[in-house]
Amino acid sequence: YYNALALQALGCDVCVYAPRIGRVEPPEAVPYRFLRSYLSIGNAYLTPAILALPRPDLFHLHYPFVFGAELILWRARRLGVPLVITYHSDLYGIGLRRLAFWFYNRFLAPRLLQVARKIAVTSLDHARGCFFGTTIFARRQNDLVEIGNGVDVETFDPSRPVEEIRPRYGWSAQDFVLLFVSSFDASHSRKGLDILLEALASLPDPGLKLLIVGDGDRRAAYEEHARRLGLSERVRFAGRVSHADGAMTSHYAAADVVVLPSLMQESFGLSLAQVMAMGKAVIGSHMPGVRTLVGESGLLIPPGDRQALAESILRLRADPDLRQRLGANGRARILAHYTWRRVGERLLAMYRQALEET
């Protein structure tokens with residue numbers, strides 16, 4: 001959506017095609033075409049209407065899109081139209097999905113990545129650590145283009161008035177509030193919430209609180225884990241919070257620090273980027289993707305290191321000047337590199353390169 005808005009502002013004629021999921025209404029300002037799907041497995045949707053898409057100047061595929069990606073490839077080749085891909089992340093899975101993704105990564109995804117004229121990655125650092133980092137990406141490094149995700153800097157603006165929500169959770173201005181944002185399904189267990197809960201439990205300070213935003217089928221397990229650790233009075237599960245009505249911005253504003261202690265590679269870390277735009281200090285894992293985004297705007301810890309996480313929390317709590325400095329660095333970093341306008345400019349430059357090489 002934001003890619004399309006930025007490209008339209010730069011004079012492009014954009015149409016977004018996506019599988020129809022439930023009764024989703026097209027957003028305003030951007031032409032969307034929701035295509036009927038006949039089979040879905042997880043986030044994979046078989047959408048044969050892709051085979052009848054009209055001829056554009058260029059196709060831009062967001063990967064992974066199992067089933068749809070192969071149809072887009074066929075359509076692009078049939079029409080003789082350049083294809084570019086944004087490679088968001090590797091495919092992860094457990095059980096049968098892990099076996100299916102193993103097959104996909106070895107036999108289907110390479111075909112896509114070899115045919116694509118350009119491959120956008122959220123960071124070159126992250127790309128080097130991806131499944132294809134030492135093979136296709138290494139061979140095609142001249143065709144890799146670093147284009148991070150963007151942030152709506154007008155929505156996530158520290159000067160914008162927001163609702164005071166700490167009293168909703170029974171907390172005061174004197175409490176030190178950590179914020180964690182994620183979905184709670186199996187594929188997001190790598191976000192490290194267990195590690196954060198255990199680090200918090202090692203810090204017996206009643207004024208140290210944790211606000212958890214998100215929902216999913218593993219939420220009950222996380223709530224039980226918090227209870228067993230004796231954190232029932234210091235942790236609140238807010239559930240799913242909407243971006244549309246400013247509620248997410250209010251939750252960011254209520255936090256002193258946002259934490260994302262990922263255990264596996266993150267392609268970007270959108271919650272970190274949004275809260276950096278809000279001028280808040282962050283703690284993240286020292287790994288590709290996150291470290292590129294954070295830079296000098298937060299503290300980085302070794303993945304899975306509970307003690308380092310606890311020490312970083314204490315350090316930021318004890319030093320408000322450090323928090324303020326890191327937060328200011330974060331806001332400046334987002335404005336310089338990760339506005340949607342900058343993302344749109346980089347996309348348009350990539351499109352022009354792909355078209356010139358036709």
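**Exercise 1. The sheet**

Task: Work out which strands of this predicted model make up the open sheet, and in what order they sit.

Solution:
- Start with the strand order. Four strands line up as 5-6-7-8, and they pair in the parallel sense.
- Now look at the ends of that row. Strand 5 (59–63) and strand 8 (144–146) are the edge strands; each has a single partner strand, so one side of each has no neighbour in the sheet.
- Then check the twist. On average, neighbouring strands in this sheet are turned by 25 degrees against each other, direction ignored.
- Zoom in on one pair. Strand 6 (residues 83–87) and strand 7 (residues 118–121) are joined by four bridges in the parallel sense. To find one of these on screen, pick Ile85, whose bridge partner in strand 7 is Ile119.
- Finish with what lies across the strands. Helix 2 (residues 68–79) lies across strand 5 and strand 6, and runs at about 165 degrees to strand 5.

**Exercise 2. A threonine in strand 6**

Task: Decide whether Thr86 is buried or exposed, and list which residues it touches.

Solution:
- Place the residue: Thr86 belongs to strand 6.
- Compare its accessibility with the cut-off. Buried means under 20% relative accessible area. Thr86 comes in at 8%, so it is buried.
- List the contacts, skipping residues up to four places away in sequence. Thr86 touches His60, Leu61, His62, Tyr63 and Ala120.

**Exercise 3. The loop after strand 5**

Task: Say what is notable about the peptide bond from Tyr63 to Pro64, and about the phi of Phe67.

Solution:
- Check omega for the bond from Tyr63 to Pro64: the value is near 5 degrees, and the bond is cis.
- Locate the proline. Pro64 sits in the loop between strand 5 and helix 2.
- Stay in that loop, because Phe67 has its place between strand 5 and helix 2 too. Phe67 has a positive phi of about 80 degrees, although it isn't a glycine.
- Add accessibility: with 25%, Phe67 counts as partly exposed.

**Exercise 4. Another positive phi**

Task: Find where Ala29 lies and decide whether it is buried or exposed.

Solution:
- Begin with the backbone. Ala29 is not a glycine, yet its phi is positive, at about 80 degrees.
- Its place is the loop between strand 1 (16–19) and strand 2 (32–35).
- Exposed means over 50% relative accessible area. Ala29 has 55%, so it counts as exposed.

**Exercise 5. Two crossing helices**

Task: Describe how helix 10 and helix 13 cross and which residues make the contact.

Solution:
- Take the axes of helix 10 (residues 270–277) and helix 13 (residues 320–337). They come within 7 Å and cross at roughly 105 degrees.
- Angles of 65 to 115 degrees count as roughly perpendicular, so that's the label for helix 10 against helix 13.
- Name the players. Helix 10 brings Ala273, Met276 and Ala277, while helix 13 brings Gly327, Gly330, Arg331, Arg333 and Ile334.
- Sort the residues of this contact by type: four are nonpolar, two polar and two charged.

**Exercise 6. The cysteines**

Task: Find out how many disulfides the whole structure holds, and which cysteine sulfur is nearest to that of Cys12.

Solution:
- Search the whole structure: the count is zero disulfides.
- Go to Cys12. The nearest cysteine sulfur belongs to Cys15 and is 13 Å away, and Cys12 is in no disulfide.
- Look at accessibility. Cys12 is partly exposed at 23%, whereas Cys130, at 7%, counts as buried.

Conventions. Residues numbered from 1 in each chain as written. Predicted model: local features only at pLDDT ≥ 70, side-chain atom pairs only at ≥ 80, totals over all residues. Heavy atoms only, no water. Pairing = 2+ DSSP bridges. Axes fitted to C-alpha atoms, helices over the stretch in contact; angles between N-to-C directions. Contact = heavy atoms within 4.5 Å. Parallel < 35°, antiparallel > 145°, perpendicular 65-115°, else oblique. Nonpolar A, V, L, I, M, F, W, Y, C, P; charged D, E, K, R; others polar. Disulfide = S-S within 2.5 Å. Buried < 20%, exposed > 50% of the residue type's maximum accessible area, 1.4 Å probe, protein only.
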